[in-house]
Amino acid sequence: MEIHYERQMRHNYLIIKPESNCEESYESRMLMANTIPGLLKFRLQQTEDGVFYYYEITSKQPLSRLLEGRWIGRDEIAGLVASIARILEGMENYLLLESQILLEPEYIYVNPEDFKIFLCLVPGRQGDFPKAMEQLLQYILKKVDHKEKEGVLLAYRLYHESQKELYGMDNLLKWLSQETKEGAEPEEEKSDFDPAIIKYESSLPEPTELFSSEYGKEVKPKQQKKKKNSFGKRLLVIAGILMTPGLVWLIKGTGFFMDYPFLLAAWYGVWGVFVLVLWIMKRIFAENVEESSWEIPFLPEEIPLEKEEDPPVIAPEIPPIMETQLLTPENIGQKAIRYLVSLDKQQEDIPIPYFPFIIGKKSEITDYTLNKDTVSRLHVKLEEQDGGYQITDLNSTNGTMVKGVMLQNNETRFLEIGDEIYIADSGFRFM
């Protein structure tokens, strides 16, 4: 299959040239005659170069793009799997086959506002849906937020389920339904799924965050072995040490310590040294415990457990805009911050302190919010590539223009310093 993108007026299309002409197929006629919930709108176009399938993707974003700079959580995982199951159920009413669905993350389209899923069905395609679903779940496993225990568990359970022979969407939905019952597991599955015996593939992320306080055992022997009355026992011992000379004085009389004055000093001296030695040993032992305070008793020995640190949050400092000289001899040797300098005095300049940098009007998923009706939720992405710069239109509705040329949706174009850019109807100069 050949796949490319095209913008026509205010509509964006994913265009597929099939391997064989299927303009008269049952699937293509069914897609053209009906609007099937969850499937991208379809039309067929015959040209001199052959048959092309047009799928409207206006205002939608591929799943792979939405997850480029963030993790996916438990609710979104459940929503994704449930949506795919719902779409497949609706397809049955039209006698469409699941093997014709594209499940690669770059061809699963999402509405960024509500995470509504849209799939692409290619008439005539013969794919392996169970295998494709397994690969999608493996991709989700790499993108799951390891700080969210529920999301990690659900992702691993779904992926583990897809490893079984002859599994189906019903098996995946069973886990979703059980997840809503306060962590209960399917009765027939309790003995089958055990995080201790998961066979991890080398391509999967290390599940270090999965085995946290829920599964790992924090080992602090001195604290865990304390008894409730330990404080009272210590108090009795201290009282005994202090009161023993008093008891001797009552029994032997006042003259005993007058005859043997060194005994009182020796008594307290020996106990003082003993307490000091115990305190030093306790400190040394505590330091050794802290070095290996977490035990994962049930991890397979062949799996090396390395602490996977969270990806660093890139938050470069943005220097104050005191002056507009961006590329002067004084700073030409420094790592200069780039700007989109507005061509309209009423529009502020856009600083670009790091790359990649996404501009759009949906603040939750962009690096800069350009709040205008003509701007799409995700409009453009600027990147640094091989010492240069490039700009990509992110399937925007009103388009992106570079040096007077309108980009196709998802088209990438190299940028040079001084190039004029229009984000919808907002003009800037790249500096």
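Which residues of the largest nonpolar core touch the most other members? In this predicted model, that position is held by Leu39, Ile84 and Met133, within a core of 62 residues. Helix α3, spanning residues 74–92, supplies the largest share of this core, with 9 residues. Met133 offers a handy view of the packing: setting aside neighbours within four places in sequence, its contacts are Val81, Ile84, Leu103, Tyr167, Met169 and Leu172. Ile84 thus appears both among the contacts of Met133 and beside Met133 in the list of residues that touch the most other core members. A second core, separate from the one just described, has 20 residues, among them Tyr389, Val402, Ile423 and Ala424.

Turning to helix α1, which covers residues 26–33, the buried residues are Glu27, Ser28, Met30 and Leu31. Viewed down the axis of α1, these buried residues fall within an arc of 165°, and therefore line one face of the helix. The general geometry is a helpful reminder here: an α-helix has 3.6 residues a turn, so residues three or four places apart point the same way. The cover over the buried residues of α1 includes the strands β3 (42–47) and β9 (120–121).

A small group of strands comes next. An open sheet is formed by 3 strands in the order β5-β7-β8, with antiparallel pairing. Because β5 (61–62) and β8 stand at the edges with a single partner strand each, one side of each is left without a neighbour in the sheet. The antiparallel pairing of β5 with β7 runs over 2 bridges, and Gln61 stands opposite Val110 in β7.

Phe115 sits in the loop that links β7 (109–111) to β8 (116–118). Is this loop residue buried or exposed? Its relative accessible area is 14%, below the 20% cut-off, so Phe115 counts as buried. Beyond its neighbours within four places in sequence, Phe115 is in contact with Leu63, Arg70, Ile72, Glu76 and Val110. Val110, the residue opposite Gln61, is therefore also one of the contacts of Phe115. Phe115 and Lys60 lie 55 residues apart in sequence, while their C-alpha atoms are 9.8 Å apart in space.

Finally, a word on confidence. The mean pLDDT of the protein is 77, with 68% of its residues reaching 70 or more. Over residues 182–228 the pLDDT stays under 50, and the model gives this stretch 87 contacts beyond four places in sequence. Residues 318–334 also have pLDDT below 50, and here the model has 13 contacts beyond near neighbours in sequence.

How values were computed: Residues numbered from 1 in each chain as written. Predicted model: local features only at pLDDT ≥ 70, side-chain atom pairs only at ≥ 80, totals over all residues. Heavy atoms only, no water. Helix = DSSP H or I, 4+ residues; strand = E, 2+ residues; numbered from the N terminus. Buried < 20%, exposed > 50% of the residue type's maximum accessible area, 1.4 Å probe, protein only. Contact = heavy atoms within 4.5 Å. pLDDT = per-residue confidence, 0-100. Core = buried A, V, L, I, M, F, W, Y, C linked by side-chain atoms within 4.5 Å. Arc of directions from axis to C-beta. Pairing = 2+ DSSP bridges.
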